[in-house]
Amino acid sequence: MKLKLYVDRMSQPSRAILIFCKVNGIDFEEIKVDLSKRQHLSSEFRAINPLRKIPAIVDGRFKLFESHAILIYLASAFPGVADNWYPADLSRRARIHSLLDWHHLNLRRGAATFVLNTVLAPLLGLPQNQQAAAEAEKILVSSLSTIENIWLKGDGQYLLGGLRPSIADLSLVCEIMQLELLDGKDRDRILGPHKKVQQWIESTRNATRPHFDEVHNVLYKLKTKLSEQKSRTPLSSKM
């Protein structure tokens with residue numbers, strides 16, 4: 001049976017899994033679970049993931065959720081996946097695991113919470129929390145500095161000094177790409193000082209072309225829509 005991916009391209013980890021499968025020639029069926037319509041809360045999806053979060057996969061009778069676990073499974077279970085994505089060398093694997101663990105409590109915690117409370121909350125019918133946004137920005141900026149000074153330390157273009165991208169690069173870059181939804185000034189203020197991070201994002205984009213931009217197109221379209229809406233907003237309502 002064909003691998004089934006339960007995803008929403010607005011979801012950072014969903015995009016990472018989609019890009020990974022496309023780059024590595026893994027045949028799959030993409031099943032959209034629309035977060036804006038609360039489809040992840042349905043009884044049908046709960047049968048796939050009782051935690052009611054995306055992404056999730058079904059491979060035959062096997063069901064799996066949590067994006068990092070999914071990426072590890074895909075890299076291990078499907079033939080033809082290049083070694084750089086999830087190396088056979090156990091020490092290199094362990095370092096990737098260390099980085100992925102760090103991601104959830106740092107970069108993801110900062111980036112996802114900041115974008116939610118500055119851009120996405122109104123679109124999802126949720127209240128904005130300015131205090132949460134301010135706290136998340138501090139975590140986000142600190143995380144970008146850690147990536148720049150620790151995880152990108154070395155001669156390689158990628159995390160952990162790698163010469164080619166791993167599943168960690170893909171997961172973290174897709175997280176940071178959510179910042180595309182920010183106002184240009186906010187994005188430049190946050191990301192601008194981190195030149196090595198910007199170069200690494202571009203290297204990961206180039207290594208996964210054309211799939212990277214195709215999967216992220218949903219973000220680019222939404223950013224354009226938000227910019228058009230902002231330009232039509234009366235000046236008095238901005239003050």
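**View 1. Bridge partners of β1 in β2.** In this predicted model, Y6 has I31 of β2 as its bridge partner. L5 is partnered by E30, also in β2. The two strands, β1 (residues 3-7) and β2 (residues 28-32), run parallel and are joined by five bridges. Strands of a sheet pair through backbone hydrogen bonds, either parallel or antiparallel.

**View 2. The open sheet.** Four strands form an open sheet in the order β2-β1-β3-β4. Their pairing is mixed. Why do β2 and β4 each have one side without a neighbour in the sheet? Both strands stand at the edges with a single partner strand each, so one side of each is left without a neighbour. On average, neighbouring strands of this sheet are turned by 20° against each other, direction ignored.

**View 3. Helices on the sheet.** Helix α1 packs on the sheet and touches β1 and β2. The direction of α1 makes about 150° with that of β1. Together β1, α1 (residues 12-23) and β2 make a β-α-β unit, and this unit is right-handed. Helix α3 lies across β1, β3 and β4. The angle between α3 and β4 is about 130°.

**View 4. The largest pocket.** The largest pocket holds about 1200 Å³ of space. It is lined by 41 residues; closest to the centre are M10, S11, Q12, L35 and I54. Rolling a probe the size of a water molecule over the atoms shows where empty space is left.

**View 5. What lines the largest pocket.** Which helix gives the largest share of the lining? That helix is α5, with seven residues. Several elements supply at least two lining residues each, among them α1, β2, α3 (67-77) and α4 (90-105). Helices α7 (167-176) and α10 (211-232) also supply at least two each. By residue type, the lining divides into 17 nonpolar, twelve polar and twelve charged residues.

**View 6. The contact of α4 with α5.** Two packed helices are described by the angle between their axes and the distance between the axes. Here the axes of α4 and α5 cross at roughly 35° and come within 3 Å. From α4, the residues W102, H103, H104 and L105 take part. They meet L107, R108 and R109 of α5. The residues of this contact divide into three nonpolar, two polar and two charged.

**View 7. Two cis peptide bonds.** Most residues other than glycine have a negative phi, and most peptide bonds are trans. The bond from I54 to P55 is cis, with omega near 5°. P55 sits in the loop between α2 (43-46) and β3. I54 also appears in View 4, among the residues closest to the centre of the largest pocket. The bond from R209 to P210 is cis too, with omega near -5°. Where is P210 placed? P210 lies in the loop between α9 (195-207) and α10.

**View 8. The backbone at R38.** R38 is not a glycine, yet it has a positive phi of about 60°. This residue belongs to the loop between β2 and α2.

Terms used
Residues are numbered from 1 along each chain as its sequence is written. This is a predicted model: local features need pLDDT of at least 70, side-chain atom pairs count only at pLDDT 80 or more; totals for chains, interfaces and linings use all residues. Side-chain values use heavy atoms; hydrogens and water are left out. Two strands pair if DSSP finds at least two bridges between them. A crossover is right-handed if, with the strands pointing away from the viewer, the path from the first strand over the helix to the second runs clockwise. On a 1 Å grid over the protein atoms alone, a cavity is a set of points where a 1.4 Å probe fits but cannot get out, and a pocket is an open set with protein on both sides within 12 Å along at least five of seven lines; lining residues have an atom within 4 Å of a point. Grid points are joined across faces, edges and corners, and a volume is the space filled by probe spheres set on the points. Ala, Val, Leu, Ile, Met, Phe, Trp, Tyr, Cys and Pro count as nonpolar, Asp, Glu, Lys and Arg as charged, and the others, Gly among them, as polar. Axes are lines fitted to C-alpha atoms, for helices over the stretch in contact, and angles run from 0 to 180 degrees between N-to-C directions. Contact means heavy atoms within 4.5 Å.
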